[in-house]
Amino acid sequence: MLKLFAATIDEPRFSLPLGAPASPLPKNEDDFGSLRTFNGKVESQHTGRDYPVTEGNSVRAVAAGRVVLADEHFLTGNSVYIDHGDGMVSASFHMTSLSVKAGDEVKRGQVLGKVGATGRTSGTHLHLGIRWLAARVDPQPLLDSPLHLHDVGEKAATAERKEEKARVEPKESNRSIRRDDEG
Ligand SMILES: [Zn+2]
């Protein structure tokens with residue numbers, strides 16, 4: 001799989017913010033990087049975000065790209081990996097069924113499959129993961145308007161006030177995208 005991620009298209013085919021992977025997209029409980037226990041012991045760190053989308057809803061491509069892998073895996077169930085160019089690969093897991101296959105070119109918003117609970121999961125949800133230049137990054141800030149990004153230690157309320165202010169006096173943002181890989 002790492003070989004697949006390395007063989008990325010050069011030109012970016014995505015734009016930020018990324019498209020929603022489901023519509024409507026329910027709120028996620030901030031689980032990126034959280035520790036996961038199985039049979040009572042900490043086994044892994046969560047490398048994406050889980051969205052409580054109900055069974056049978058469509059899973060959509062967050063950007064245009066090429067499907068590099070669409071298959072059933074033991075842990076992640078029916079999974080789709082898309083190369084969006086410029087080193088970005090998105091992954092959607094646990095689907096009941098897949099509507100694309102490896103090699104397909106997809107458009108932003110194209111249906112990839114249906115939300116389900118395949119693989120090792122405690123219930124129906126959509127898992128979205130993003131690799132960017134091989135790092136596993138938090139998908140949520142990439143789905144939000146850059147106005148929602150907040151600095152380290154900054155409370156959400158402060159970020160909201162800044163957003164209001166930015167609306168009143170628009171000026172160029174020089175903030176970079178947060179990168180939370182797990183090392
Ligand atoms: Zn997950």
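Asp-30 is exposed in this predicted model because its relative accessibility is 56%, and exposed residues are those over 50%. The residue is found in the loop between H1 and E1. Its phi is near 60 degrees, a positive value in a residue other than glycine.

Leu-133 also has a positive phi without being glycine, here near 50 degrees. It sits in the loop between strand E11 (126-132) and strand E12 (135-137). With a relative accessible area of 56%, Leu-133 is exposed, since the cut-off for that class is over 50%.

Next come the cis peptide bonds. One of them joins Leu-16 and Pro-17, with omega at about -5 degrees. Pro-17 belongs to the loop between helix H1 (2-6) and strand E1 (35-38). Another cis bond runs from Ser-23 to Pro-24, and its omega is near -5 degrees. Pro-24 lies in the loop between H1 and E1, where Asp-30 is found as well.

The table sets out these backbone features.

| Residue or bond | Backbone angle | Feature |
|---|---|---|
| Leu-16 to Pro-17 | omega about -5 degrees | cis peptide bond |
| Ser-23 to Pro-24 | omega near -5 degrees | cis peptide bond |
| Asp-30 | phi near 60 degrees | positive phi, not glycine |
| Leu-133 | phi near 50 degrees | positive phi, not glycine |

Where do these features lie along the chain? The loop between H1 and E1 holds Pro-17, Pro-24 and Asp-30. Leu-133 lies in the loop between E11 and E12.

How values were computed:
Residues numbered from 1 in each chain as written. Predicted model: local features only at pLDDT ≥ 70, side-chain atom pairs only at ≥ 80, totals over all residues. Heavy atoms only, no water. Helix = DSSP H or I, 4+ residues; strand = E, 2+ residues; numbered from the N terminus. Buried < 20%, exposed > 50% of the residue type's maximum accessible area, 1.4 Å probe, protein only.
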